[in-house]
Amino acid sequence: MKIAFKKYHCLGRDFILLDNRDGAFDGLQHTEIARLCARRFGIGASGVLRLDQASKTLIRIKAFNFNGGLAESNAVDTACAMAFAKDLGLVTTSIHIDINEQILCCTPVSSHETMQVVNIRILDPISIKKMFQSFVMELESKFCMVPVDDVSNTDVLEKGREISYSKRFPKGANVAFYQPNQGFLEVRHYEHQSDQETYTNGFCVVGAALSHAHNNPNDKNCLVRTKGGEMQVSFVRSEEAFYNIELQVLVNVVYDGTTL
């Protein structure tokens, strides 16, 4: 089967986007998705995002990992889905995007040729709980944020596994290691589902920014640097939680084509 696709890149993660509004790709098997994502033998991507439904208020996406299994949303994929929907002419203003039942509000900020700036807003307030020297955040999965003195030399894979597979997290956790620097927050992260250090996980970035703000009450926004690039995180803080949490990211179109 020939597959028409577009490929998008955001902060070190790349996704194959499929327009499935007619149901043509409903039967795409996990092995076929894995083959598409294979770096040496396929298109190459962090995952596949399948646009299943679109209305004036909601875009519904099914997201798959590079191995063909269902993926956890990480906000970066949502930005790519927004850019794709805009390129298809489905979106001109703010809209809700549902990726595997994780719903975020996305707004196109600006675009220029192959680049788009996208705002992503988390709809629900988020509470951060302190656990010993680290912090814990719970969305569709658990996130553990750990402040460190030298994030550049932290063994993210080893320490991330150690924390994720500890008794504190029976079902595992994504782990963000962060270090304040002059004018920005440097973040690296271990992703439990893929068992690897990823270039950017949007929710890990949010967790790190909010954890840092927990000890710095005057902060209302944060520039975060990851291995994949920079993103801006803004928020409003109350005594019990953070709300109006927004990320601003840059999305690039890599190419579009058709498989053989």
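**Notebook: pockets, a cavity and some aromatic pairs**

I started with the lining of the largest pocket, whose residues split into four nonpolar, six polar and four charged. Note to self: this is a predicted model.

Next I looked up the pocket's volume, which comes out at about 280 Å³. The lining has 14 residues, and the closest to the pocket centre are Arg39, Ser46, Phe66, Gln196 and Thr198. Which strand gives the largest share of this lining? I found that it is β13, residues 196–198, with three residues. Gln196 and Thr198, two of the residues closest to the centre, sit at the ends of that range.

**Second pocket**

I then went to the second largest pocket, which has a volume of about 160 Å³. I listed its lining as Ile126, Ser127, Lys129, Met131, Val136, Met137, Glu138, Lys142, Arg168 and Phe169. Two elements give two or more residues each, namely β8 (129–131) and β9 (134–138). The largest share is from β9, with three residues. I also sorted this lining by class and got five nonpolar, one polar and four charged residues.

**The cavity**

How many cavities of 30 Å³ or more are there? My count is one. I put its space at about 100 Å³. It is lined by 15 residues, and Arg13, Asn65, Ala71, Glu72 and Asn74 are the closest to its centre. At least two lining residues come from each of β2 (13–19), β3 (47–54) and β4 (58–65). The top contributor is β4, with three residues. By class I have five nonpolar, six polar and four charged residues around this cavity.

**Glu191**

I wanted a closer look at Glu191, which belongs to strand β12, residues 184–191. Is Glu191 buried or exposed? Its relative accessible area is 8%, and the cut-off for buried is under 20%, so I logged Glu191 as buried.

I then checked what Glu191 has around it. Its side chain makes a polar contact with the side chain of Arg13, at 3.4 Å. Leaving out residues up to four places away in sequence, Glu191 touches Arg13, Asn74, Asn174, Gln196, Thr198 and Asn201. I recognised some of these names: Arg13 and Asn74 are among the residues closest to the centre of the largest cavity. Gln196 and Thr198 I had already met in the lining of the largest pocket, which has a volume of about 280 Å³, where both are among the closest to its centre.

**Aromatic pairs**

Last, I went through the rings and found four aromatic pairs in the structure. For Phe143 and Phe203, the ring centres are 6.2 Å apart and the planes stand at 70 degrees, so I filed the pair as edge-to-face. Phe143 is in strand β10 (residues 142–147) and Phe203 in helix α4 (residues 202–214), so this pair ties together parts 60 residues apart in sequence. I checked burial for both: Phe143 has 2% relative accessibility and counts as buried, and Phe203 is buried too, at 1%.

I also looked at Phe235 and Phe242. Why is this pair edge-to-face? The ring planes are at 90 degrees, with the centres 5.6 Å apart, and edge-to-face needs planes over 60 degrees apart. Phe235 is buried, with a relative accessible area of 5%. Phe242 is also buried, at 4%.

Technical notes
Residues numbered from 1 in each chain as written. Predicted model: local features only at pLDDT ≥ 70, side-chain atom pairs only at ≥ 80, totals over all residues. Heavy atoms only, no water. 1 Å grid on protein atoms, 1.4 Å probe; cavity = no way out; pocket = protein on both sides within 12 Å on 5 of 7 lines; lining within 4 Å. Points joined across faces, edges and corners; volume = space filled by probe spheres on them. Helix = DSSP H or I, 4+ residues; strand = E, 2+ residues; numbered from the N terminus. Nonpolar A, V, L, I, M, F, W, Y, C, P; charged D, E, K, R; others polar. Buried < 20%, exposed > 50% of the residue type's maximum accessible area, 1.4 Å probe, protein only. Polar contact = N/O pair within 3.5 Å; in protein donor to acceptor, adjacent residues only side chain to side chain. Contact = heavy atoms within 4.5 Å. Phe/Tyr/Trp six-rings, centres within 6.5 Å; stacked < 30°, edge-to-face > 60°.
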